[in-house]
Amino acid sequence: MDKEVEQLKEQLKKQEKLASLGQLSAGIAHEIQNPLNFVINFSKMSDKLLKDLTEIVEDNEDKFSDDTREELDDIMADLQENLHKIAEHGERAISIIRGILLVSRGKENEFIPTDVCKLVKEYVWLSYHAMRANNKQFNVSIHEQYEEGMPMLMVIPQDLSRAVLNLMNNACYALWNKKQTTGEYYNPEVNVSVKTQGTDFVINIADNGEGMTDEVKQRLYENFFTTKPIGHGTGLGMSIVKDIIENKHHGTITFESVLGKGTAFTIIIPIRK
Ligand SMILES: Nc1ncnc2c1ncn2[C@@H]1O[C@H](COP(=O)(O)OP(=O)(O)OP(=O)(O)O)[C@@H](O)[C@H]1O
Ligand SMILES: [Mg+2]
């Protein structure tokens, strides 16, 4: 009995820690959002100013020598490209921060009408960019197929996004791992699709990575089962995904995996009216 109480206390402590970590990251994310909005808005304003400047230069063509004109054009083109990069990467940072806010704010278990295609896309790319940030030399081609005009669907967005993120992180890892042992001619790929199918909607995430052995297939959903080196995985990802899909969304998750060839996950969730 005492042991059980001790265990419960431990668990509570862990949960409290996680909750305060969530609050802290939400707080930081919030604080960063404002200066980031300044960066994006000023880059857009500067882009407009640059357009005005270009017009003025064009209107006064005869006042510049050919050389000066060429130099001006080059500088203006560079400026425009830089401004676009600032805006693009700023937007990316904003979307990462939105992800953090979504995960940590978490009104738990709330079904909200959601653009599932957009959600999947966002988290697939979040995972991709996170991987790229750690692994600049490694790249993955992502092929996406989203059903057009799909209606808003009732899901728990922060849970579904967490599931997509873990599946995609696992896929990227399997690709990266395979790349370490194969030559130049291997092209790591992920295929992602979202579609409706009768009274369900279906999310597919397939990689051509290292695949799974029979042991891994059997133990995939076990808590703390991981084949990754210490520090790379806790082995909780797939058990959380299963819980999110089966218990929270009343759906199913299945996979096919061939060692050395790749792994494909299929999530099927009934559409809630
Ligand atoms: N797409 C995949 N291709 C190959 N193996 C996979 C794939 N997805 C999962 N696995 C295997 O299943 C194991 C368990 O995955 P799971 O997501 O539960 O934990 P993890 O990724 O190791 O750690 P984390 O808790 O950080 O997610 C992985 O260690 C890996 O061996
Ligand atoms: Mg994982």
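**Notes on the ligand 1 pocket, the magnesium site and two odd loop residues**

1. Of the 20 residues around ligand 1, those that come nearest are T226, T227, K228, T234 and M238 (a residue is near if one of its heavy atoms lies within 4 Å of the molecule). Bear in mind that this is a predicted model, where local features need pLDDT of at least 70, side-chain atom pairs count only at pLDDT 80 or more, and totals for chains, interfaces and linings use all residues. For bookkeeping, residues are numbered from 1 along each chain as its sequence is written, chains are lettered from A and ligands numbered from 1 in the order in which they are written, and side-chain values use heavy atoms, with hydrogens and water left out.

2. Who makes up that shell? Helix α4 gives the largest share, four residues, and α4 and α6 each supply at least two. (Helices are DSSP runs of H or I with at least four residues, strands are E runs of at least two, and numbering goes from the N terminus.) By type, the shell splits into eight nonpolar, ten polar and two charged residues; here Ala, Val, Leu, Ile, Met, Phe, Trp, Tyr, Cys and Pro are nonpolar, Asp, Glu, Lys and Arg are charged, and the others, Gly among them, are polar.

3. On polar atoms: a side-chain one of D207 sits 2.9 Å from a nitrogen of ligand 1, and a side-chain one of T234 is 2.6 Å from a ligand 1 oxygen. For M238 it's a polar backbone atom, 2.7 Å from an oxygen of ligand 1. Taken alone, ligand 1 exposes 600 Å², and the protein buries 92% of that (Shrake-Rupley areas, 1.4 Å probe).

4. Now the magnesium ion, ligand 2. Its protein donors are OD1 of N166 and OD1 of N170, 2.1 to 2.5 Å away. Donors are N, O and S atoms within 2.8 Å of the metal (3.2 Å for Na, K and Ca), and water is not among the atoms, so the site may look incomplete. N166 and N170 are four residues apart in helix α4 (residues 157–181), so about one helical turn separates them. N166 counts as buried at 16% relative accessibility, while N170, at 23%, is partly exposed (buried is under 20% relative accessible area, exposed over 50%, partly exposed in between; 1.4 Å probe, protein chains only).

5. Two backbone flags to look at. Most residues other than glycine have a negative phi. F224, not a glycine, has a positive phi of about 65°; F224 is in the loop between α5 (214–219) and α6 (237–248) and is exposed at 59%.

6. The other flag is H250, also not a glycine, with a positive phi of about 55°. H250 lies in the loop between α6 and β6 (252–258), and its 55% relative accessibility makes it exposed.

Key:
A polar contact is a pair of N or O atoms within 3.5 Å; within protein, one must be able to donate a hydrogen and the other to accept it, and residues adjacent in sequence count only if both atoms are side-chain atoms.
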